[in-house]
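Good morning, and thank you for the time on today's agenda. I should like to take you through one structure, beginning with its helices and then turning to the contacts between side chains.

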Amino acid sequence: MSVFKYRARTNQGEVVTGQLAATSLQNLEKILNEKGLLLVGANVKTGGRLPQLLSGSVPAEAMLAFIREFKTLLGAGLPVAQTLNLLSDRPKQPKLSAAVRSMHQGILRGQSLADAAAEQQGVFDNLFQVTLRVGVQTGNLEQALERYSAFLVLRNELRRKLRKALTYPVFLLGLLAAVLIGLFLFVLPRFSELYSEFGSELPFATRVLMGAVDATPIALVVVVCALAVSGIVLRRWTAHPAGRVAVDSIKLSLPIIGPILRNMAQIQLCYLLSMLMSAGVSVREALRFAAQSAGNVVFTQGLERGGTTVSTGKSVTEALTQEQLLPDTSLSLVKAGEASGSLNSMFEEISKLHEQILEDRMERVLALIEPMMMLLVGVVLGTVIIVVYLPIFGIAD
């Protein structure tokens, strides 16, 4: 599929221009005719292949708006093909627009809704495909889409909270780094020249600081190069399964951010299992689909092994206990839900419980981070200032 730049005329004779994704020139003409436009001329956009068009991810807000509109139009009684055709015109989101248009063409060719979505891997995740497949099989596609949109809202809220927790410390650390670079490049070299005229021995701490000042330009180049090389190496390493597992394990073991990331993964896990089981998916399949949609490889592998354990005849509680994906209190609730035959509702309650735990943890972290960061900034800058002025104190004596 290519991206075409086109010129067309409306029924009133007005010339309009734009760009669209289409499989061929004939397909482009057909799409424009459906919009009431007559094709005048078109050229393939350079570098405009669909994989490039779909590179990256669609913004969460745009995806959520599409899901809600899709559910609303289906609830109004419109056929799936007509609904997709109406939703395919999204000028501000060309990636999503091209994917929806491809889904519409797939439906017209006789594909199922889930299979048509599966071809748009760059836009729709595995969970969306599962949602469509289960919704069609159970005859309740609207409810399935409602649960999926609720999951998107939950996931976006969790990410927003994480960004909120990280914004302040990252900003302060960046500000501290900028101030220190400015001091070491422009301010402290003047003191170094001044002290060199004294002709007396400087205190040890000041000598160390002045040596660092002299080495700063070279050190900055070395640090920038080291960070660039480290980023490239890390990116290639995480492309391999072993590297991805190691990185995700390190994330979960970090002192402050680790418990927050684990808590977020547990919320997503429980909500996913509740959503899938409520839609009629078996426990083993729910674990497998949840593994495909987990954001952390440690949880992905644990859920895959848990699904294998359940398939051997063991309970969900035994599988999750063996993988240690949930704390003991949550496992007790899972056991109770399994005994009462209400696992789906119990997983939803566990998800809400972990949301409250996350809220409390975030409040404590934010309450501690602010004074700690201010203390760090004060100690670092105060130490630099004191060390710089030590020789001046000596001259006064």
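A helix, in this talk, is a DSSP run of H or I at least four residues long, and helices are numbered from the N terminus. Please keep in mind that this is a predicted model.

I begin with helix α16, which spans residues 343–396 and contains I385. I385 belongs to a nonpolar patch on the surface, together with I386, Y389, L390, I392 and F393. The accessible area of this patch comes to about 530 Å².

One member of the patch leads us to the aromatic pairs. The structure holds six of these. In general, a pair of aromatic rings is described by the distance of the centres and the angle of the planes. Let me take F151 and Y271, whose ring centres lie 6.2 Å apart. Their planes stand at 20 degrees, and planes under 30 degrees apart count as stacked, so this pair is stacked. F151 sits in helix α8 and Y271 in helix α11, residues 257–278, so that the pair links distant parts of the chain, 120 residues apart. Both rings belong to buried residues, F151 and Y271 alike.

The patch member Y389 pairs with F191: the ring centres are 5.9 Å apart and the planes are at 70 degrees, so the arrangement is edge-to-face. Because F191 lies in helix α8 and Y389 in helix α16, the pair ties together parts that are 198 residues apart in sequence. Is F191 buried or exposed? At 18% relative accessibility, F191 counts as buried. Y389, by contrast, is partly exposed, with a relative accessible area of 35%. Elsewhere, F66, F70, F124, F128 and Y148 form one aromatic cluster.

I turn now to charged side chains. How many salt bridges does the model contain? The count comes to 10. One of them joins the side chains of K71 and E146, at 3.3 Å from N to O. K71 lies in helix α3, residues 60–75, and E146 in helix α8, residues 141–196, so this salt bridge ties together parts that are 75 residues apart in sequence. E146 is partly exposed, at 39% relative accessibility.

Other salt bridges stay within a single helix. In helix α8, E157 and R160 are three residues apart, about one turn of the helix, and their side chains meet at 2.5 Å, N to O. E157 has a relative accessible area of 31% and is partly exposed; R160, at 39%, is partly exposed as well.

In helix α12, residues 283–293, E285 and R288 are likewise three residues apart. The closest N and O atoms of their salt bridge are 2.4 Å apart. Here E285 counts as buried at 19% relative accessibility, while R288 is partly exposed at 38%. There is also a network of salt bridges, which links R244, D248 and K251.

A further residue deserves mention: E323, in helix α14, residues 316–323. E323 is buried, with a relative accessible area of 14%. Setting aside neighbours within four places in sequence, E323 is in contact with G302, R305 and G306.

Finally, the cysteines. A search of the whole structure finds zero disulfides. C225 is partly exposed at 45% relative accessibility, whereas C270 is buried, with a relative accessible area of 0%.

Notes. Residues are numbered from 1 along each chain as its sequence is written. This is a predicted model: local features need pLDDT of at least 70, side-chain atom pairs count only at pLDDT 80 or more; totals for chains, interfaces and linings use all residues. Side-chain values use heavy atoms; hydrogens and water are left out. Patches are made of residues with over 30% relative accessible area and no salt bridge: like charges are joined within 9 Å, nonpolar side chains (Val, Leu, Ile, Met, Phe, Trp, Tyr) within 5 Å. Accessible areas come from the Shrake-Rupley method with a 1.4 Å probe; for residues, only the protein chains shown count as cover. A salt bridge is a side-chain nitrogen of Lys or Arg within 4 Å of a carboxyl oxygen of Asp or Glu. Helices (H or I, at least four residues) and strands (E, at least two) are DSSP runs, numbered from the N terminus. Buried means under 20% relative accessible area, exposed over 50%, partly exposed in between (1.4 Å probe, protein chains only). Contact means heavy atoms within 4.5 Å. A disulfide is a pair of cysteine sulfur atoms within 2.5 Å. Rings of Phe, Tyr and Trp (its six-membered ring) pair if their centres lie within 6.5 Å; planes under 30 degrees apart count as stacked, over 60 as edge-to-face and the rest as tilted.
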